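Student: Please take a close look at one part of this model, the protein surface that faces the DNA. I would like one connected account.

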Protein chains: 2
Amino acid sequence: MEKLYNTNSLSFQVFNELERQIINGVLTPGTSLTENRLCEQFSVSRTPVREALRMLEQKGLVQITPNKGAVVLGISEKDLTDIYTIRMYVEGLASRWAAQKITDEQLERLTEVVELQEFYQNRACSEQINDLDTRFHELIYEYSDSRTLQHTLSNLHHMIQHYRQRSFSSDGRAPKAIKEHRDILNALIAHDADLAEKLTVEHIANAHANLLSLIVK
Amino acid sequence: MEKLYNTNSLSFQVFNELERQIINGVLTPGTSLTENRLCEQFSVSRTPVREALRMLEQKGLVQITPNKGAVVLGISEKDLTDIYTIRMYVEGLASRWAAQKITDEQLERLTEVVELQEFYQNRACSEQINDLDTRFHELIYEYSDSRTLQHTLSNLHHMIQHYRQRSFSSDGRAPKAIKEHRDILNALIAHDADLAEKLTVEHIANAHANLLSLIVK
DNA sequence: AATGCGGGGATTGTATACAACAATACAAGA
DNA sequence: TCTTGTATTGTTGTATACAATCCCCGCATT
């Protein structure tokens, strides 16, 4: 379950770091990524760099033009809004399926995450809260027991990590979000698929609305 | 728009061919892909093979374990059902957005595709019909004017190409599907977002039901 | 001045060589 | 017999060398 994962392999180190930089806006859209520059930057040869770039292309984070190289695509504010809307349409499905299939052991793990969130919520640890938010949603994706749905939603959720961080760190969104998580958890405990779906859709809608209000400012 | 795209580069040739084989079930789940074997098979060096494998991993078609190699994941019947269900939740959104944003020129192109389908529908050319089905849906994804939605749905639609082929080649599904396409097209022409969404969801549901009836046999 | 045409430097594409790791088989010792 | 250590082999990870392509710039021609 833990993603100790390919943390070794230089390809993945480069991939993860570039992904992070793109998602966090360090690398702005339009930036062209020449292989040699990245080689120097990461002190690795071209092989892992090229592999990382190919992976990023499949994720839609860079665009590779044959014989010309890679440019950063990044995540625009329109992408952000689109992602929330897409999640509003589909993330309820994850909770619905999870409600039908979740085991007692899985419920325990999820409960633990929610309790940790409640523990942190008044301590202004926006990073921990964001991490736990990620874990909460990722666990539901996993417990939906659908590889494809997990893959799809995980990608979407991951893309907007940086924006969520802003949301949690700036205002009173965290307590509300955590309360909503607790409600969803209760619906899952009751195996009430309809309710879990409904609450999840509302949760996404609220998160979206909150983020929009921040951006307008 | 056309995907003349990276058809050159050996990496993409290998990627496309492996993807095709996985999607078509030529490579069954669990098959382990050793780099040297693929090198011989495609008569290329390890570099493009490795890049292809990394891309396939990001698409969720193979799983790479560090220092151990890649194994085929493939698309199970459960994945198939899941994909249709997910599309039922989200594909309507593409039509909704397309209805709001589609231009006259884009409508012409889409109309052309539907007319071609109607031309072929009684000629038992299931391959052409499948190709045109792909083009119809891909165009709507494109005209939804959302990079993320296009990316998401394009992946899902692509995954089940092989199953759709079976659907079109085996029974009276093609004429019904084409009729549904015509109805969706009309809704788009009228820029009726609600109707376009509703018809699209029904279209996916019908396609799913049809495929299920085939599999049960 | 505008256009067309090399040419050289920079960049990507591909192949290969070497290093690190994993798995297996086999032998030595308890 | 069982265990454990080790050698061997096959596979993946990384670096580098070479080939193909593109791009920019200067130059000549009109």
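**The surface near the DNA**

Tutor: DNA strand D is surrounded by 20 residues, and the closest of them are Leu10(A), Ser45(A), Thr47(A), Lys68(A) and Arg50(B). Of the atoms of DNA strand D that come within 4 Å of the protein, 61% belong to sugar and phosphate. The model is a predicted one, and the distances below are computed from it.

Backbone atoms of both chains approach the phosphates of this strand. In chain A, a backbone N or O atom of Leu10(A) lies 2.6 Å from a phosphate oxygen of DNA strand D. In chain B, a polar backbone atom of Glu35(B) is 3.1 Å from a phosphate oxygen of DNA strand D, and for a backbone N or O atom of Asn67(B) the distance to a phosphate oxygen of that strand is 3.2 Å. The elements that give two or more residues to the surface near DNA strand D are helix 1 (10–23) and helix 3 (46–58) of chain A, along with helix 3 (46–58) of chain B. By class, the residues of this surface are five nonpolar, eight polar and seven charged.

DNA strand C also has 20 residues around it, of which Arg46(A), Arg50(A), Leu10(B), Ser45(B) and Thr47(B) come nearest. Sugar and phosphate make up 60% of the atoms of DNA strand C that come within 4 Å of the protein. A polar backbone atom of Leu10(B) is 2.7 Å from a phosphate oxygen of DNA strand C, and a polar backbone atom of Ser45(B) is 2.8 Å from a phosphate oxygen of that strand. Lys68(B) uses its side chain: a polar atom there lies 3.3 Å from a phosphate oxygen of DNA strand C. At least two residues of the surface near DNA strand C come from each of helix 3 of chain A, helix 1 (10–23) of chain B and helix 3 of chain B. This surface divides into five nonpolar, eight polar and seven charged residues.

Helix 3 of chain A contributes to the surface near DNA strand D and to the surface near DNA strand C. Its 13 residues reach 19 Å from the first C-alpha to the last, close to the 18 Å expected at 1.5 Å a residue. Ten of the 13 residues are buried, so helix 3 of chain A is largely enclosed by the rest of the structure. The buried residues include Pro48(A), Val49(A), Ala52(A), Leu53(A), Met55(A) and Leu56(A), and also the charged side chains Glu51(A), Arg54(A) and Glu57(A). Just after this helix, Gly60(A) takes a positive phi of about 80 degrees.

Asn67(B), which has the backbone contact to DNA strand D, sits in a hairpin. The hairpin is formed by strand 2 and strand 3 of chain B with three residues between the strands, and Asn67(B) has a positive phi near 65 degrees there. Strand 2 of chain B and strand 3 (residues 69–72) of chain B pair in the antiparallel sense over four bridges. Thr65(B) has Gly69(B) as its bridge partner, and Ile64(B) stands opposite Ala70(B). In strand 2 of chain B, Val62(B) and Ile64(B) form the covered face, while Gln63(B) and Thr65(B) form the uncovered one.

These strands belong to an open, antiparallel sheet of three strands in chain B, in the order 1-3-2. Strand 1 (32–33) and strand 2 (62–65) of chain B are at the edges with a single partner strand each, so one side of each has no neighbour in the sheet.

Methods:
Residues are numbered from 1 along each chain as its sequence is written. Chains are lettered from A and ligands numbered from 1 in the order in which they are written. This is a predicted model: local features need pLDDT of at least 70, side-chain atom pairs count only at pLDDT 80 or more; totals for chains, interfaces and linings use all residues. Side-chain values use heavy atoms; hydrogens and water are left out. A residue is near a molecule or strand if one of its heavy atoms lies within 4 Å of it. A polar contact is a pair of N or O atoms within 3.5 Å; within protein, one must be able to donate a hydrogen and the other to accept it, and residues adjacent in sequence count only if both atoms are side-chain atoms. The expected span of a helix is 1.5 Å times one less than its number of residues. Buried means under 20% relative accessible area, exposed over 50%, partly exposed in between (1.4 Å probe, protein chains only). Two strands pair if DSSP finds at least two bridges between them.
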